[in-house]
Amino acid sequence: KHTYEKNLRQLFTSIGNNSEVLTLGELEDILRDEMKHAQLTALEIDVNDAWTLFRLIDADRSGIIDLEEFIDGCRALKGNAKGIDMASLRTDMNTMSRQLVRFMRSCEDQFEILTGQ
């Protein structure tokens, strides 16, 4: 684990040219740089779409990625999704879907009351 984090720190530093943050443009450059792309692949991070990767790692939605976001995000994206991860995601999506349906029905009811229909 310590070696993995050390490798991520070194990669982040090399990507951002020793900057404190990483931008989408810099992340896109990674995908064009075969060596850095290979480094991410060696760290078990599948990178085919810079925007999707950036969106997943940018936890605070600030438009920039700091070192901690990069490390945490890459750790979370390491390897393949496990069955339990997929099952958890499916359960969460079903719960949100049911909540959305209830909310929409409530809005429709309130709209009918307001319009007198």
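**Exercise 1. Determine how the side chains of Glu5 and Arg75 meet, and which parts of the chain the pair ties together.**

Solution. In this predicted model, Glu5 and Arg75 form a salt bridge with an N to O distance of 2.8 Å. The criterion is a side-chain nitrogen of Lys or Arg within 4 Å of a carboxyl oxygen of Asp or Glu. Next, place the partners: Glu5 belongs to helix α1 and Arg75 to helix α5, so the pair links parts that are 70 residues apart in sequence. Finally, consider the surroundings of the arginine: Arg75 has a relative accessible area of 33% and is therefore partly exposed.

**Exercise 2. Establish which residues are joined with Glu5 and Arg75 into one network of salt bridges.**

Solution. Begin in helix α1. A salt bridge connects Glu5 to Arg9, and their closest N and O atoms are 3.0 Å apart. Both residues lie in α1, 4 residues apart, which is about one turn of the helix. Arg9 is partly exposed, at a relative accessible area of 31%.

Continue in helix α5. Asp72 and Arg75 make a salt bridge at 3.6 Å, N to O. These two residues both lie in α5, 3 residues apart, again about one turn of the helix. Asp72 counts as partly exposed, with 43% relative accessibility.

Now combine the partners. Through shared partners, the salt bridges join Glu5, Arg9, Glu68, Asp72 and Arg75 into one network. The count of salt bridges comes to 4.

**Exercise 3. Describe the packing of helices α1 and α5 by angle, axis distance and handedness.**

Solution. Two packed helices are characterised by the angle between their axes and by the distance between those axes. For α1 (residues 2-15) and α5 (residues 67-77), the angle is about 130° and the axes are 10 Å apart. To classify the angle, note that over 145 degrees counts as roughly antiparallel and 65 to 115 as roughly perpendicular. The two helices are therefore oblique to each other. Their crossing is right-handed.

The contacting residues complete the description. On the α1 side they are Tyr4, Glu5, Leu8, Arg9, Leu11, Phe12 and Ile15. These meet Leu67, Glu68, Phe70, Ile71, Cys74 and Arg75 in α5.

**Exercise 4. Examine Asp58 and Arg61: where do they lie, and is each buried or exposed?**

Solution. Asp58 lies in the loop between α4 (50-57) and β2 (65-66), and Arg61 is also placed in the loop between α4 and β2. Asp58 is buried but has no salt bridge. The nearest side chain of opposite charge is that of Arg61, 5.3 Å away. A salt bridge requires a distance within 4 Å.

Leaving aside residues up to four places away in sequence, Asp58 touches Gly63, Ile64, Ile65 and Glu69.

Arg61 is exposed, with a relative accessible area of 55%. Its backbone also deserves a step: most residues other than glycine have a negative phi. Arg61, which is not a glycine, has a positive phi of about 55°.

**Exercise 5. Summarise the overall arrangement of the protein: its elements, burial and contacts.**

Solution. First, the protein contains 6 helices and 2 strands. Second, from the N terminus on, these elements follow the order α-β-α-α-α-β-α-α. Third, 21% of the 117 residues are buried, where buried denotes a relative accessible area under 20%. Last, take the contacts between residues at least 6 apart in sequence: 55% of them join residues at least 24 apart.

Note on methods: Residues are numbered from 1 along each chain as its sequence is written. This is a predicted model: local features need pLDDT of at least 70, side-chain atom pairs count only at pLDDT 80 or more; totals for chains, interfaces and linings use all residues. Side-chain values use heavy atoms; hydrogens and water are left out. Buried means under 20% relative accessible area, exposed over 50%, partly exposed in between (1.4 Å probe, protein chains only). Lys and Arg count as positive and Asp and Glu as negative; His and the chain ends are not counted. Contact means heavy atoms within 4.5 Å. Axes are lines fitted to C-alpha atoms, for helices over the stretch in contact, and angles run from 0 to 180 degrees between N-to-C directions. Angles under 35 degrees count as roughly parallel, over 145 as roughly antiparallel, 65 to 115 as roughly perpendicular and the rest as oblique. A crossing is left-handed if the near helix is turned anticlockwise from the far one by less than a right angle, and right-handed if clockwise.
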